[in-house]
Amino acid sequence: LLNGSFPGYSDSVMAPKAVCEAVQLLDTKTLKASSFPLTAVFDLDNTVWDGHGIDYFLAALVESALVKAEAQPAMVKALSKLPDLGVEALQKNTHQENAQLVLKRTTDASLAKEHRLNRKDGFYLVSAMLKGMAPKEAYRVAEIAMTQGSKLFGPLEAKFYDDPSGCSMRRMVGQLRSSGFQIYLISAGIDVLVKVAGDLLGIAPEYRLGSILEVKDDRYTGQVESTYMLKGPIVREWLEAPAYLAFGDSATSDIPFMLDAAGPAFMINPGDRFKKKDADKAKGRLVEVEYNAVEGDKP
């Protein structure tokens, strides 16, 4: 019934334009009269924007030269696991030189897989590289990554998904907010980048959550609590009732909160694994939405 209340609803595929038009036409008064909370939950990486935000943050972090000497042991330990890098040589490097190595071994796609840090190890290493930094310093780095970019990457906000119809993800969030929806952002990305994204999209602090970086005495300890496998339980505890809308891209971390949605749940650019999981776990209820452009493509 709730899916049926979404104008033009299809349980297979909807174009971005159709989703934006449905939001504009949605009878929110009837939903409110039924005491149904107008809520929408969004993942960020590969859902609101194309790619992994932590890569953009890492590039801006290394370029800022704000990495502290306290991060050296973690970088040496992680890099020395790669077959062509020895501990002694890494220990002789400055911490800034090792930070440059981390960036290269994380983002250089021309390197063989065995010579690159994997996504999981890279995530924890970036968190460890913040050891000794003040949160306000990291926030400034995240702002630069989002709005200005680095030598390696342009600004992350230029990677927000867009559509020729004008129904970008930025517009989608804005239209939902204008229609009275409370937007929740839940990401496995580090919390400081989620804070910057929330500020950019007008989402209040209490409605956004990333992987929590530990802070003691106004300095990062290098430890982080990942939300990757916890999004479902977090959203259930966070919201008073199931969300009406949900948006995600991951067949592993996002599908739990998407399956909990009371209304339409949208798979953004899903791969075959996600489509199969939708068929197996949700009997094909999740809706496929394809974005083929980003805001930075515009002249």
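**Figure 1. Thirty residues line the largest pocket of this predicted model**. Ala78, Asp121, Gly122, Tyr124 and Leu125 lie nearest the centre of the largest pocket, among the 30 residues of its lining. Five elements each give two or more residues to this lining: α3 (53-64), α4 (72-79), α6 (95-107), α7 (119-128) and β5 (219-225). The space in the largest pocket comes to about 690 Å³.

**Figure 2. Helix α7 in the wall of the largest pocket**. Seven lining residues come from α7, the largest share for this pocket.

**Figure 3. Residue classes around the largest pocket**. The lining holds 14 nonpolar residues. Nine charged and seven polar residues make up the rest.

**Figure 4. The second largest pocket holds about 570 Å³ of space**. Its lining is made of 22 residues. His52, Arg119, Ala188, Tyr228 and Ser253 are the closest of these to the pocket centre. Two elements, α7 and β3 (182-190), each supply two or more residues to the lining.

**Figure 5. Helix α7 at the second largest pocket**. Here α7 gives four residues, the largest share of the lining. Helix α7 also gives the largest share at the largest pocket, with seven residues.

**Figure 6. Residue classes around the second largest pocket**. Eight polar and eight charged residues line this pocket. Six nonpolar residues complete the lining.

Definitions and conventions
Residues numbered from 1 in each chain as written. Predicted model: local features only at pLDDT ≥ 70, side-chain atom pairs only at ≥ 80, totals over all residues. Heavy atoms only, no water. 1 Å grid on protein atoms, 1.4 Å probe; cavity = no way out; pocket = protein on both sides within 12 Å on 5 of 7 lines; lining within 4 Å. Points joined across faces, edges and corners; volume = space filled by probe spheres on them. Nonpolar A, V, L, I, M, F, W, Y, C, P; charged D, E, K, R; others polar.
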